[in-house]
Number of protein chains: 2
Amino acid sequence: MRKDAQQNRAKILATAAQLFREQSVAAVSMKAIATAAGIGPGTLYRNYPNKSALCLDMSMTFIQEFVADAQQYLYQTTDDAVTQFKQVLTRYLRFRERRLQLLASIENGATVMPAYYKSDLYHELIQLFMQVLKPVSGPLLPGELKFRADMLIAMLKSNSYAYQREQGLSRDDLLTQISRLMIKSADPLKK
Amino acid sequence: MRKDAQQNRAKILATAAQLFREQSVAAVSMKAIATAAGIGPGTLYRNYPNKSALCLDMSMTFIQEFVADAQQYLYQTTDDAVTQFKQVLTRYLRFRERRLQLLASIENGATVMPAYYKSDLYHELIQLFMQVLKPVSGPLLPGELKFRADMLIAMLKSNSYAYQREQGLSRDDLLTQISRLMIKSADPLKK
DNA sequence: TTGACAAGTGGAGTCGGCTCCACTTATAGT
DNA sequence: ACTATAAGTGGAGCCGACTCCACTTGTCAA
């Protein structure tokens with residue numbers, strides 16, 4: 001890759017981040033990003049085939065931050081398995097809320113979802129959730145752990161999440177409900 | 001509503017259905033629908049604020065068909081609760097597969113999802129799933145049944161579903177996994 | 001240093017979703 | 001039958017996503 005091309009890529013990300021901070025993600029057009037970055041639309045699209053892909057790349061940092069934070073917690077904690085699960089889930093919910101717009105843009109872009117599922121990003125998330133799910137699920141069929149982690153993430157996609165919030169569920173209610181669904185135990189006592 | 005307007009509405013649905021049969025849903029533009037129906041884009045948009053809304057309306061029939069079919073089954077069956085749940089879920093999966101494109105268009109249209117959640121359609125689905133979930137879930141907190149039905153549907157949205165299929169899960173695997181997640185029992189015996 | 005050319009650029013242009021509004025028309029009250 | 005007018009129409013045109021390709025430029029081999 002040519003040096004000037006790398007610079008452009010960096011500039012795009014920086015400019016887009018800036019604009020996203022100033023206006024909502026949805027309100028910023030690709031053309032606006034290109035113009036603000038001082039490049040042509042063609043160059044922008046050479047780097048990112050669409051807006052969602054740009055958002056995906058931008059989310060990278062944030063997801064890695066979240067995963068690092070969660071792993072840091074897991075490394076130093078002495079909590080029991082159930083608490084660990086709930087802690088990580090809480091952090092995930094907080095993270096999602098913070099990056100709402102960006103994640104919505106990814107999840108609604110029909111074309112990027114396949115790419116998202118294949119990304120290291122998604123893989124890292126799954127690994128993390130598998131780690132905390134394993135001790136709290138009962139005995140599992142092969143593949144079941146991965147499936148449950150997938151479902152956990154599917155349940156919390158932006159549209160679904162937004163709907164539940166609208167229904168009046170607080171982040172804590174959500175935590176409770178999901179815990180009750182995912183945690184296998186001889187009848188969980190309430191919080 | 002004026003009589004001619006009603007005719008137009010009917011014509012739109014018929015024409016769109018026709019075009020969707022000939023080409024993929026994604027490939028048909030709103031302009032193409034308008035032209036084929038012999039009306040202007042403005043008239044089309046007066047009836048449906050966007051393509052997803054049109055798909056939503058068109059799905060109405062199909063969802064009602066599915067619900068009717070499921071209720072018909074429930075009415076005449078003597079199967080046990082677990083089998084009933086699985087039967088209904090199987091039918092739902094079949095229905096989703098049949099209407100894949102239409103449902104994807106609804107679920108990926110960022111703007112319609114809120115409308116979808118508020119629609120009678122969605123409400124009917126939820127009622128149906130609550131009905132079959134109740135006897136197979138353990139004792140539930142208030143609101144938990146509705147929550148689980150919501151999650152069941154969220155888990156099976158087109159992107160998630162497509163991903164699982166790509167991962168190599170058959171419709172039957174999906175059924176098994178979901179059953180194991182949603183059915184509370186003193187350790188379910190395998191199929 | 002220089003020339004060849006792969007790599008990269010940018011903006012004009014296409015296409016589709018969607019809006020706006022000047023115009024037409026069904027219909028209800030007289 | 002004859003308006004008045006609310007309801008409905010349709011197409012020109014906007015805006016944003018995305019493509020295409022003639023042109024520029026960094027790089028590397030000689």
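The following exercises, each with a worked solution, concern a predicted model of two protein chains, A and B.

Residues are numbered from 1 along each chain as its sequence is written, and chains are lettered from A in the order in which they are written. Local features need pLDDT of at least 70, side-chain atom pairs count only at pLDDT 80 or more, and totals for chains, interfaces and linings use all residues, while side-chain values use heavy atoms, with hydrogens and water left out.

**Exercise 1. The relation between the chains**

Determine which rotation superposes chain B on chain A, and through which surface the copies meet.

Solution.
- Step 1. Superpose the copies by least squares on the C-alpha atoms of residues with pLDDT of at least 70 in both. Chain B falls on chain A after a rotation of 180 degrees with 0.0 Å of shift along the axis, at an RMSD of 0.0 Å. This is the relation of a two-fold axis.
- Step 2. Examine the contacts, a contact being heavy atoms within 4.5 Å. In chain B, 39 residues are in contact with 39 residues of chain A.
- Step 3. Compare the interface residues. Of those in chain B, 100% are also interface residues in chain A, so the copies meet through the same surface.

**Exercise 2. The buried area of the interface**

State how much area chain B and chain A bury between them, and which three residues of chain B supply more of its share than any other three.

Solution.
- Step 1. Take buried area as the accessible area (1.4 Å probe) that two parts lose on being put together, summed over both. For chain B and chain A the value is about 3200 Å², with 58% of it on carbon and sulfur atoms.
- Step 2. Identify the three residues. B:Phe147, B:Tyr163 and B:Leu181 supply 19% of the area that chain B buries against chain A, more than any other three residues.

**Exercise 3. Helix α9 of chain B**

Establish whether helix α9 of chain B is enclosed or open to its surroundings, and describe the salt bridge between B:Arg148 and B:Glu144.

Solution.
- Step 1. Locate the helix. Helices are DSSP runs (H or I, at least four residues), numbered from the N terminus; α9 of chain B covers residues 144–155.
- Step 2. Check its length. The expected span is 1.5 Å times one less than the number of residues. For the 12 residues of this helix that gives 16 Å, and the end C-alpha atoms are 16 Å apart, which agrees.
- Step 3. Assess burial, where buried means under 20% relative accessible area, exposed over 50% and partly exposed in between (1.4 Å probe, protein chains only). Since 11 of the 12 residues are buried, the helix is largely enclosed by the rest of the structure. Among the buried residues are B:Phe147, B:Met151 and B:Met155.
- Step 4. Consider the charged pair. A salt bridge is a side-chain nitrogen of Lys or Arg within 4 Å of a carboxyl oxygen of Asp or Glu. B:Arg148 and B:Glu144 form one at 2.9 Å, N to O. The two residues are four apart in the helix, about one turn, and both are buried.
- Step 5. Look beyond the helix. B:Glu144, at 0% relative accessibility, is in contact with A:Gln177 and A:Arg180, leaving aside its neighbours within four places in sequence.

**Exercise 4. Salt bridges across and within chains**

Find how many salt bridges cross the interface of chain B and chain A, and which helices the B:Arg91 and B:Asp69 pair links.

Solution.
- Step 1. Recall the principle: side chains of opposite charge can pair when their charged atoms come close.
- Step 2. Count. The whole structure holds 20 salt bridges over all chains, and four are found across the interface of chain B and chain A. B:Arg180 pairs with A:Glu144, their closest N and O atoms being 2.9 Å apart.
- Step 3. Turn to chain B. B:Arg91 forms a salt bridge with B:Asp69 at 3.5 Å between the closest N and O atoms. This pair links helix α5 (residues 81–98), which holds B:Arg91, to helix α4 (residues 51–76), which holds B:Asp69, the two residues being 22 apart. B:Arg91 counts as buried at 17% relative accessibility, whereas B:Asp69 is partly exposed at 35%.
- Step 4. Turn to chain A. A:Glu97, A:Arg165 and A:Arg171 are linked in a network of salt bridges.
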